[in-house]
Amino acid sequence: MIGAVEAIRVKGLSYSYSDGTKALEDIDLTINEGEKVVVVGPNGAGKTTFFLHLNGTIKNPGGDVWVFGKKISDLKIEERIHQVGVVFQDPDDQLFMPTVFDDVAFGPVNMGLDEKEVEMRVHKALSKVGLEDFEEKVPHNLSYGQKKRVALAAVLSMEPRVLVLDEPTANLDPKSRADFINLIIDLNEIDGITTIIAMHDVNALPALADRVYVLNKRVVAEGSPREIFSDWSLLKENSLEAPDVFKLFKVLNCFGYSSDDLPLSFDEAVEILTRTIEGTEGHIHLHIHEHTHKEISDVMNSYNHHRNGKE
Ligand SMILES: Nc1ncnc2c1ncn2[C@@H]1O[C@H](COP(=O)(O)OP(=O)(O)OP(=O)(O)O)[C@@H](O)[C@H]1O
Ligand SMILES: [Mg+2]
């Protein structure tokens, strides 16, 4: 449920690193409680830098961040980590204790919770990420995908109201990726946690985004996934691409498939195809005419960055 409560509000946020690299310029945005927001943008666009502002890891006089109406600079650390949990891009940046239990317990212990409550939270968080039996394992020895899960559990154990995930699906196998995506959706839809995610995986994006921000030092665009993916010049300028199934339907249009409805996921593709075929008495007619290949090549050029796209 998306409420009218402002979870995050950012105003005039700019940030340069000490070596002079300008990472963020004048960011303004508002995210309401319960929303699923995805932030996209090319490598080096400032996504990670932006996320480090959301829980106050980077303390910044050059702009203001409010969390549930309170200025982040006025919040005590225990309050900050309880409001906003950030799962880092690289799990090795997050896990530093001798056992998985200790890593997941670290936040709750620092929040001053008693032993019983800490244990309960660790069990709950590890079972959410499917690692019930991992408490005594050494985080350093886990596989990358397992470390990602522990890093998420270490944040969930603080029961944050806002969950910020930096590249949660990168380098995961297909099943782990699907499990992670479903878990994030459940955390949002069942537990009501606001989710803010940076990701390059555009095929997974629609499931995780009510709204998308395109960040490239500044906020370049904001809109629904459909609005963002329909704007191919925006995509190109910001090294982004549309989901494969969206591009495939653009190509089908070149073959004479006449529906303007373009799917963002396979499920949507099946729905749209079913609707179209039912509306045409059981058939779709495709054809090749003299301009078809030129049209397909234009579509591929507008959406692709790699060499087959003649870029
Ligand atoms: N500690 C640092 N010192 C100096 N410059 C930095 C530091 N951390 C990041 N940068 C620079 O700030 C810019 C933004 O980096 P950031 O990591 O926020 O980008 P990103 O959008 O997360 O990229 P990616 O998609 O590759 O994860 C880059 O130019 C990067 O080189
Ligand atoms: Mg990053």
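Modeller: Helices (H or I, at least four residues) and strands (E, at least two) are DSSP runs, numbered from the N terminus. The model discussed here is predicted.

Biologist: Which residue just after H1 takes a positive phi?

Modeller: Helix H1 covers residues 47–54. Just after this helix a positive phi of about 80° is found, and the residue that takes it is Gly56.

Biologist: Is H1 mostly covered or mostly open, and how many of its eight residues are buried?

Modeller: Buried means under 20% relative accessible area. Lys47, Thr49, Phe50, Phe51, Leu52, His53 and Leu54 of H1 meet that limit. Thr48, at 29% relative accessible area, is partly exposed. H1 is therefore mostly covered, and its count of buried residues is seven.

Biologist: Which residues coordinate the magnesium ion (ligand 2)?

Modeller: The donor atoms are an OG1 and an OE1, at 2.0 to 2.4 Å. They come from distant parts of the chain, one in helix H1 and the other in the loop between S6 and H3, 41 residues apart. The coordinating residues are Thr48 and Gln89.

Biologist: Why does Gln89 count as partly exposed?

Modeller: Buried ends at 20% relative accessible area and exposed begins over 50%, so a residue in between is partly exposed. Gln89 falls in that range because its relative accessibility is 38%.

Biologist: What separates the C-alpha atoms of Leu165 and Thr48?

Modeller: Leu165 is placed in strand S7 and is buried, with a relative accessible area of 0%. Thr48 belongs to helix H1. Along the chain Leu165 and Thr48 are 117 residues apart, while the separation of their C-alpha atoms is 9.5 Å.

Biologist: Which strand does S7 join through five bridges?

Modeller: S7 spans residues 162–166, and its partner runs parallel to it. Val164 stands opposite Ile196 in that partner. From S7 the chain crosses through helix H6 (residues 174–189) in a right-handed β-α-β crossover, and the strand reached is S8.

Biologist: Are the faces of S8 covered or open?

Modeller: In a regular strand the side chains alternate between the two faces of the sheet. On one side of S8 lie Thr194, Ile196 and Ala198, and on the other Thr195 and Ile197. Five of the five residues in S8 are buried. Both faces are covered.

Biologist: Which residue of S8 does Val38 stand opposite?

Modeller: Strand S3 (residues 36–40) pairs with S8 in the parallel sense, over four bridges. Opposite Val38, in S8, stands Ile197.

Biologist: What is the order of the open sheet of four strands?

Modeller: S1 (residues 6–16) pairs with S2 over seven antiparallel bridges, and four bridges join S1 to S4, again antiparallel. S4 (residues 64–67) pairs with S5 over two antiparallel bridges. Strands S2 (22–32) and S5 (70–71) are the edges, each pairing on one side only. The order is S2-S1-S4-S5.

Biologist: Which bridge partner does Ile8 have in S2?

Modeller: S1 and S2 form a hairpin with five residues between them, and Gly20 in the turn has a positive phi of about 100°. Across this antiparallel pair, the bridge partner of Ile8 is Ile31.

Biologist: Which residue of S5 stands opposite Trp66?

Modeller: S4 and S5 pair in the antiparallel sense. On its pairing with S1, S4 supplies Asp64 as the bridge partner of Lys11. In S5, the residue opposite Trp66 is Lys71.

Biologist: What volume does the largest pocket have?

Modeller: Its lining has 21 residues, and Asn55, Ile81, Gln94, Phe106 and Met158 lie nearest its centre. Helix H2 (77–83), strand S6 (84–87), helix H3 (100–110) and helix H5 (144–156) each supply at least two lining residues. By class, the lining has 10 nonpolar, seven polar and four charged residues. The volume is about 480 Å³.

Biologist: How many residues lining the largest cavity are nonpolar?

Modeller: The largest cavity holds about 30 Å³ of space. Its lining is formed by Val40, Leu205, Val212, Ile228, Phe229 and Leu240. With no polar and no charged residues there, the nonpolar count is six.

Conventions:
Residues numbered from 1 in each chain as written. Chains lettered and ligands numbered in written order. Predicted model: local features only at pLDDT ≥ 70, side-chain atom pairs only at ≥ 80, totals over all residues. Heavy atoms only, no water. Buried < 20%, exposed > 50% of the residue type's maximum accessible area, 1.4 Å probe, protein only. Pairing = 2+ DSSP bridges. Right-handed = clockwise from strand over helix to strand, strands pointing away. 1 Å grid on protein atoms, 1.4 Å probe; cavity = no way out; pocket = protein on both sides within 12 Å on 5 of 7 lines; lining within 4 Å. Points joined across faces, edges and corners; volume = space filled by probe spheres on them. Nonpolar A, V, L, I, M, F, W, Y, C, P; charged D, E, K, R; others polar. Donors = N, O, S within 2.8 Å, 3.2 Å for Na, K, Ca; no water.
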